[in-house]
Amino acid sequence: MKKTHDNNSIDKTDTILSGLTDDQETIIALCTPRGSGAIALLRLSGDNAIQIADRIAQLSSGQTLASQASHTIHHGFIIELALTSGPEKIIDEVMFLLMRAPKTFTGQNTVEITCHNNQFIIEKIINLAVCAGARSAKPGEFTKRAFLNKKIDLVQAEAIQEVIHAQTELALQKSMAQLHGTLSSVVSTIETELVYLLSFIEASFEFLDEEQRDLDFNKIILDRSHALQKLVGDITSQFSLQQQIKEGVRIAIVGIVNAGKSTLFNALVKQDRAIVTNIEGTTRDSIESGMYKKGNFLLFIDTAGLRSTSDIIEQYGIERSFIQAAKADIVLLVVDATRTLTGIQYQEYEKLVEEYREKIIVVINKIDEAKAMPAYEFLADIQTLRVSAHQGTGIEDLERVIEEKIQELFKQLQSPFLLNQRQYQLLAEIDRRLDFIVNGYQGGIHYELVAYQVKELLEKVSELTGKNVTEQMLDTVFGTFCVGK
């Protein structure tokens with residue numbers, strides 16, 4: 001099939017763009033990752049997406065996309081626009097997926113183009129679409145349009161980002177559930193309860209003198225506010241654990257110098273990432289290495305050895321070792337089986353065990369070289385394994401115990417969703433305001449003031465779901481997305 005354009009075809013771009021707002025204009029972006037691969041997908045979305053696609057498309061059927069039914073796939077070619085009549089230059093052989101509004105992700109007319117994954121082809125198609133009347137999409141603009149067209153709320157929009165960047169299977173499951181409305185449903189319940197509470201308070205203005213003898217308004221308001229505060233508190237209480245699950249499991253390897261921490265680190269990450277020598281203080285700063293295992297992202301951190309030193313750089317590294325222990329989800333506390341801890345070393349170990357007992361696994365290393373292992377009181381009632389990191393003895397047992405510790409950690413998460421920082425801060429503010437109502441009016445309720453507080457709470461809930469949110473906040477939320485989302 002041959003397709004031609006008249007001499008004025010380029011000028012029609014102005015007609016296509018006339019009268020459209022920024023959110024109605026047709027945008028285009030690559031939706032698949034850049035890099036090697038067979039296929040790439042580009043998306044056009046906007047009021048005039050189909051007309052613009054037709055200007056660079058040549059269907060094998062000889063027909064136009066505008067004449068086709070919605071949600072259909074068509075074979076064809078991307079052609080280069082001609083400034084004069086004559087045959088068009090074929091850029092690539094592609095598939096067009098045509099979807100008409102409103103049954104699309106963005107709620108707008110959408111054309112998705114599947115082409116060969118070559119950067120020259122991809123850039124050429126985008127440039128042709130821009131010449132035909134589209135513009136390049138901004139980060140997160142497709143999802144922003146889905147939100148603006150009420151296909152999803154802001155909480156669900158943020159869940160898309162969480163799905164894309166989930167580092168564990170559990171985080172993926174929770175994010176997918178959130179995308180399908182688990183958090184939105186809870187927020188809706190909070191909003192409904194607040195509306196009921198507000199209507200009850202405002203009704204009390206009229207009936208206070210007549211009916212307070214038969215109805216204890218104060219008790220009802222405080223009881224319902226307290227129940228709502230408990231619901232919000234339950235949601236926010238597991239925020240720290242949720243962040244751990246979202247970002248993967250941090251496993252810090254901590255201990256005195258020359259205890260074999262770096263050798264253990266290399267054995268666990270299955271590669272020689274850390275330099276290993278017999279010289280004390282070889283590891284002066286934290287070294288990290290991540291790996292995916294059984295559906296989880298594990299980040300192992302090899303830390304500087306604990307000891308007294310006058311070396312300023314090494315001192316800084318040792319300080320960071322304690323910071324890593326605090327940040328870690330699991331701490332592997334390495335004890336050298338061939339040496340007895342000095343008084344200061346013993347105190348440091350005892351302090352670590354006392355502070356992080358719940359997340360510590362004690363690893364007795366160098367058992368292949370030890371004749372007799374010293375007895376330490378701080379090791380009582382704490383999980384301990386004996387290994388030889390150098391020979392690989394006991395490493396499989398240690399990996400099994402680490403996996404058990406991870407599952408134990410994940411079992412603590414009862415919430416069906418994972419909050420981000422924005423959601424947590426808004427819910428924490430709601431919790432603080434509810435606490436003020438519950439505890440601030442114990443001596444007697446001033447109904448006008450409580451009504452004002454509840455209205456403020458409803459504003460916060462609306463900000464959470466996006467019903468009442470500034471353009472600046474939307475730009476902040478969607479600006480963290482990649483361009484094709």
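A residue is called buried when its relative accessible area is under 20%, exposed when it is over 50%, and partly exposed in between. I'm putting that at the top of my notebook before anything else. I also note that this is a predicted model.

**Entry 1: Lys-366**

I looked up Lys-366 with that cut-off in hand. Its relative accessible area is 18%, so Lys-366 is buried. I found Lys-366 in the loop between strand 12 and strand 13. Then I checked its backbone: phi is positive, about 70 degrees, although Lys-366 is not a glycine. That made me stop, because most residues other than glycine have a negative phi.

**Entry 2: Glu-377**

I stayed with the loop between strand 12 (360–365) and strand 13 (384–386), since Glu-377 lies there too. Is Glu-377 buried or exposed? Its relative accessibility is 67%, so I wrote down exposed. Glu-377 also helps to form a negative surface patch, together with Glu-350, Glu-354 and Glu-355.

**Entry 3: His-71**

Next I looked for another positive phi, and His-71 has one, near 60 degrees, without being a glycine. I located His-71 in the loop between strand 3 (57–59) and strand 4 (72–80). With 43% relative accessibility, His-71 counts as partly exposed.

**Entry 4: a cis peptide bond**

Which peptide bond is cis, with omega near 5 degrees? I traced that bond from Ala-101 to Pro-102. Pro-102 sits in the loop between strand 5 (89–99) and strand 6 (110–116). I underlined this one because most peptide bonds are trans.

**Entry 5: the sheet**

I then followed the strands across an open sheet. Seven strands make it up, in the order 3-4-5-6-2-1-7, and their pairing is mixed. Why do strand 3 and strand 7 (135–136) each have one side without a neighbour in the sheet? They stand at the edges and each has a single partner strand, so one side of each stays free of a neighbour there.

I went through some of the pairs:

- Strand 3 and strand 4 run antiparallel and are joined by three bridges. Here I saw Leu-59 opposite Gly-76, which is in strand 4.
- Strand 4 pairs with strand 5 over nine bridges, again in the antiparallel sense. I spotted Ile-73 opposite Leu-97 of strand 5.
- Strand 1 (residues 27–30) and strand 2 (residues 39–45) are antiparallel as well, with four bridges. Leu-30 has Leu-42 in strand 2 as its bridge partner.

A reminder to myself for looking at sheets: in a regular strand, side chains alternate between the two faces.

**Entry 6: far apart in sequence**

Last, I picked two residues from helices and looked for what the fold brings to them.

I started with Phe-239, in helix 9 (residues 239–247). Its relative accessibility is 10%, so Phe-239 counts as buried. How far apart in space are Phe-239 and Tyr-424? I got 7.4 Å from C-alpha to C-alpha, although 185 residues separate them in sequence.

Then I turned to His-226, in helix 8 (residues 217–236). His-226 is partly exposed, because its relative accessible area is 44%. Its C-alpha is 7.4 Å from the C-alpha of Leu-434, and these two residues are 208 apart in sequence.

How values were computed. Residues are numbered from 1 along each chain as its sequence is written. This is a predicted model: local features need pLDDT of at least 70, side-chain atom pairs count only at pLDDT 80 or more; totals for chains, interfaces and linings use all residues. Side-chain values use heavy atoms; hydrogens and water are left out. Patches are made of residues with over 30% relative accessible area and no salt bridge: like charges are joined within 9 Å, nonpolar side chains (Val, Leu, Ile, Met, Phe, Trp, Tyr) within 5 Å. Accessible areas come from the Shrake-Rupley method with a 1.4 Å probe; for residues, only the protein chains shown count as cover. A salt bridge is a side-chain nitrogen of Lys or Arg within 4 Å of a carboxyl oxygen of Asp or Glu. Lys and Arg count as positive and Asp and Glu as negative; His and the chain ends are not counted. The place of a charge is taken as NZ of Lys, CZ of Arg, CG of Asp or CD of Glu. Helices (H or I, at least four residues) and strands (E, at least two) are DSSP runs, numbered from the N terminus. Buried means under 20% relative accessible area, exposed over 50%, partly exposed in between (1.4 Å probe, protein chains only). Two strands pair if DSSP finds at least two bridges between them.
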